[in-house]
Amino acid sequence: MRRDLLDLPVLLLGAASALVDGIHEGVRARGFTDLRPAHGFAFVRLAPDGATVVELAEHLGVTKQAASQMADELVRKGYVERRPHPADARARLLTLTERGWACTRAADEAATAVLQPWADALGPERLATVRAALSSVAVPGRIRPAW
């Protein structure tokens with residue numbers, strides 16, 4: 001049994017959990033106490049140009065109804081607004097408000113605070129190696145929570 005291979009998912013998921021938890025704690029410390037980590041995954045899809053509820057649902061891997069409920073909650077809390085869709089008169093575009101952008105900036109600051117000690121521990125050369133290795137195997141695309 002290849003323990004070095006089988007340990008890899010545990011290490012990757014542990015690092016991802018530490019990152020999500022650290023960002024969430026940092027966002028809360030910066031005054032955004034009414035959000036859950038899943039909201040941050042929604043913000044990733046809504047920035048920079050917005051998305052429809054259907055696109056948000058696909059990104060999060062949830063039903064349209066669940067994405068609509070999350071959108072309603074984020075609108076009610078002032079992070080998101082609904083606008084007419086520029087290309088589809090039947091659809092509404094969900095976009096971040098200034099409060100949503102402020103939260104996104106807070107999440108970026110929190111992510112940097114979590115990741116900088118990792119970068120310091122690895123050093124520039126090993127960090128570049130890890131980044132290149134992950135880039136070669138990671139599938140680009142949606143970033144969503146593992147419900």
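The buried residues of helix α2 are covered by elements that include α1, α3, α4, strand β1 (residues 80–84), β2 and α5. In this predicted model, the buried positions of α2 are Ala38, His39, Phe41, Ala42, Phe43 and Leu46. The helix also takes part in the largest nonpolar core, to which α2 gives the most, with five residues.

The wider setting of α2 is a protein chain with five helices and two strands, whose elements follow one another from the N terminus in the order α-α-α-α-β-β-α. Of the 147 residues of the protein chain, 29% count as buried. Taken along the principal axes, the C-alpha atoms of the protein chain fill a box of roughly 55 × 35 × 25 Å, and the accessible surface comes to about 9,600 Å², with 59% of this area belonging to carbon and sulfur atoms. When contacts in the protein chain between residues at least 6 apart in sequence are considered, 56% of them join residues at least 24 apart. A pair separated widely along the chain is that of Arg28 and Cys103, which are 75 residues apart in sequence and whose C-alpha atoms are separated by 9.5 Å. Arg28 belongs to helix α1 and is partly exposed, its relative accessible area being 38%.

The largest nonpolar core comprises 24 residues, and Leu74 and Tyr79 are those with the most contacts inside it. Two or more residues are given to this core by each of α2, α3, α4 (residues 64–76), β2 (92–96) and α5. For Leu74, once neighbours within four places in sequence are set aside, the residues in contact are Leu35, His39, Ala42, Phe43, Tyr79 and Val80. Among these partners of Leu74 are His39, Ala42 and Phe43, which also appear among the buried residues of α2.

His39, which lies in helix α2, counts as buried because its relative accessibility is 0%, and the limit for a buried residue is under 20%. Residues up to four places away in sequence not being counted, His39 touches Asp34, Met70, Glu73, Leu74 and Lys77. The surroundings of His39 thus include Asp34, Glu73 and Lys77, each of which also takes part in the salt bridges described below: Asp34 pairs with Arg99, while Glu73 and Lys77 belong to a network.

A search of the whole structure finds eleven salt bridges. One of the pairs is formed by Arg99 and Asp34, with the closest N and O atoms 3.5 Å apart. Because Arg99 lies in helix α5 (residues 98–137) and Asp34 in the loop between α1 (3–29) and α2 (37–46), this pair ties together parts that are 65 residues apart in sequence. Both partners are partly exposed, Arg99 with a relative accessible area of 35% and Asp34 with a relative accessibility of 26%.

A further salt bridge joins Glu55 and Arg45, the closest N and O atoms of which are 3.6 Å apart. Glu55 is placed in helix α3 (residues 53–60) and Arg45 in helix α2, so that this pair ties together parts that are ten residues apart in sequence. At 31% relative accessibility, Glu55 is partly exposed, and Arg45 likewise counts as partly exposed, with a relative accessible area of 27%.

The side chains of Arg83 and Glu81 also meet in a salt bridge, for which the N to O distance is 2.5 Å. Arg83 is partly exposed at a relative accessible area of 43%, and Glu81 is partly exposed at 28%. In addition to such pairs, salt bridges that share partners join Arg36, Glu73 and Lys77 into one network.

As regards charge across the protein chain, there are 19 positive and 17 negative charges, and the mean positions of the two sets are 5 Å apart.

Note on methods. Residues numbered from 1 in each chain as written. Predicted model: local features only at pLDDT ≥ 70, side-chain atom pairs only at ≥ 80, totals over all residues. Heavy atoms only, no water. Salt bridge = Lys/Arg side-chain N within 4 Å of Asp/Glu carboxyl O. Helix = DSSP H or I, 4+ residues; strand = E, 2+ residues; numbered from the N terminus. Buried < 20%, exposed > 50% of the residue type's maximum accessible area, 1.4 Å probe, protein only. Core = buried A, V, L, I, M, F, W, Y, C linked by side-chain atoms within 4.5 Å. Contact = heavy atoms within 4.5 Å. Areas by Shrake-Rupley, 256 points an atom, 1.4 Å probe, with all protein chains shown as cover. Lys, Arg positive; Asp, Glu negative; His and termini not counted. Charge placed at Lys NZ, Arg CZ, Asp CG, Glu CD.
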